[in-house]
Amino acid sequence: MNIPQSSFPRIVIIGGGFGGIALAKKLANKDVQVVLLDKHNYHNFQPLLYQVSTGGLEPDSIAYPIRKVLQGYPNFYFRLAEVVQIDPKHKIISSSIGDISYDYLVVATGSETNYFGNKNIEENSMAMKTIPQSLNLRSLILENFEQALLTDDLHERDALMNFVIVGGGPTGVELAGALAEIKKGILPKDYPDLDTRRAQINLVQGGDRLLPAMSKIASSKAEKFLEKLGVNVWKDIRVTDYDGKHITTDTDISFEAITLVWAAGVQAVRIEGLDVDELLTRGNRLKVNAYNQVIGHEAIFAIGDVAQMETEAYPEGHPMMAQPAIQQGQNLGQNLVRLLDGKPLRPFTYKDKGSMATVGRNKAVADLKRIKFQGVFAWFVWMFVHLFFLIGFRNRVVVFINWVYNYVRFDREARLIIRPFKKQYQSVKNKVADSIAAD
Ligand SMILES: Cc1cc2nc3c(=O)[nH]c(=O)nc-3n(C[C@H](O)[C@H](O)[C@H](O)COP(=O)(O)OP(=O)(O)OC[C@H]3O[C@@H](n4cnc5c(N)ncnc54)[C@H](O)[C@@H]3O)c2cc1C
């Protein structure tokens, strides 16, 4: 990897997400060598991915180069690499660009979509965990409407304009709301020769309420907001299969849709080699102690989505959200310095700042520590918080300008098919994607 030996201990961090970056920042100018490895060269601000998928923001405005975060620190090294194996015995990790030894290793690999073993759904549905996936979804949505214009088959047209989002957490709710706004405000103008009123946005939730991790008032208000926007909310229904067009559920209800977005579950990204099978939880998370140390591995730590720290307040581990990852990264950074100074470590305590979800223009729900509120004010708070946590001054400015523009103009101008997405399920479909791809 061309990383020089140093007299300082080497800390290798796998993953430049919320946790990895927060940790790296805490190690700046300390007597350590920091090697950060990520399979992408950018940090991805996942909470705004749905806006990329729906043409509200360009992908560049929610990504930030990892090298820029590390700029100016002499003992910091970044390598673009996918880590595939950890060898705890010899303190070596293997990656797509070679091996590297470590004194301390921090696993901050985040999470990936969980299909709960359903291969059909995995192959045929759309996920929204990464920027490329969001761009695929954006292309597919737009290609569907282009295709709907071309077909005389009413069934086919309806399936192209039918969107099914599975999972009533923040991602599902936010995406459904954004699609409903597109249907209302943009489609009739973009496709005057298509009856876009037939477009349907369906949000399918396995449980009996949306946003189950939030308060009941937030759930019911979010549902009301969505219904007002014209979203069909289906509760207590589980999607059981999908062949690319036909969606079956565990009830009599079924759908025909070319687009199914799977936002119904995540699991930690696991790297082979840790002898921790008994320490893995249902979601593949690694069990860690109060200092984020992987149980049984003194020199290995895990933070963020990949770590399961079971405490009295969080017996199932902390929520898989940005704040626990950031706070664990910060605490671990301080602890690693303390460890090297021979001082006792400080246990992690999560400071819950609350949670929020936006449904659409002027519509959001917020559960903060002392107060719960919904509506326009919640929407402004949501925007402020997301701008605040977005990495990079340029990104904040660009996102802010885009939001103001979209708000004033009722528009989303990034509805572009830059990189066509070719969905496998074909009949008349994808002629559009084919013809663009052939260009
Ligand atoms: C669509 C969506 C919306 C969300 N909305 C919210 C929200 O509104 N609020 C909120 O708090 N949270 C939200 N989350 C959750 C939040 O983004 C995660 O909890 C957070 O990103 C976890 O941080 P992390 O550091 O653990 O992992 P991540 O931020 O996911 O970072 C993991 C990093 O590891 C890298 N990586 C993975 N495997 C390897 C490997 N083998 N080798 C090298 N690099 C690797 C990845 O490229 C990535 O950069 C959302 C998530 C999604 C997907």
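This passage describes the ligand shell, a small sheet and one buried residue in a predicted model.

The ligand is surrounded by 34 residues. Gly-15, Gly-17, Gly-19, Gly-110 and Gly-304 are the closest. Four elements each give two or more residues to this shell: helix H1 (18-26), strand E2 (33-38), helix H7 (170-185) and helix H10 (322-340). By residue type, the shell holds 16 nonpolar, 13 polar and five charged residues. Two domains take part. Domain 1 (10-39 + 81-113 + 266-340) and domain 2 (119-264 + 361-434) each supply at least three residues to the shell.

Three strands form an open sheet in the order E14-E15-E16, and their pairing is antiparallel. Strand E14 (239-242) and strand E16 (254-256) lie at the edges. Each has a single partner strand, so one side of each lacks a neighbour in the sheet. Neighbouring strands of this sheet are turned against each other by 20° on average, direction ignored. Strand E15 (residues 246-249) pairs with E16 over three bridges, in the antiparallel sense. Thr-248 has Ser-254 in E16 as its bridge partner.

Asn-202 belongs to strand E12 (residues 200-204). Asn-202 counts as buried because 21 C-beta neighbours lie inside 10 Å, and the cut-off for buried is 20 or more. Beyond its neighbours within four places in sequence, Asn-202 is in contact with Phe-163, Val-164, Ile-165, Asn-232, Trp-234 and Phe-255. Asn-162 is 40 residues away from Asn-202 in sequence, yet their C-alpha atoms are 7.7 Å apart in space.

Conventions. Residues numbered from 1 in each chain as written. Predicted model: local features only at pLDDT ≥ 70, side-chain atom pairs only at ≥ 80, totals over all residues. Near = placed C-beta within 6 Å. Nonpolar A, V, L, I, M, F, W, Y, C, P; charged D, E, K, R; others polar. Domains from an automatic or database assignment. Pairing = 2+ DSSP bridges. Axes fitted to C-alpha atoms, helices over the stretch in contact; angles between N-to-C directions. Buried ≥ 20, exposed ≤ 12 C-beta atoms within 10 Å, placed from the backbone. Contact = placed C-beta atoms within 7 Å.
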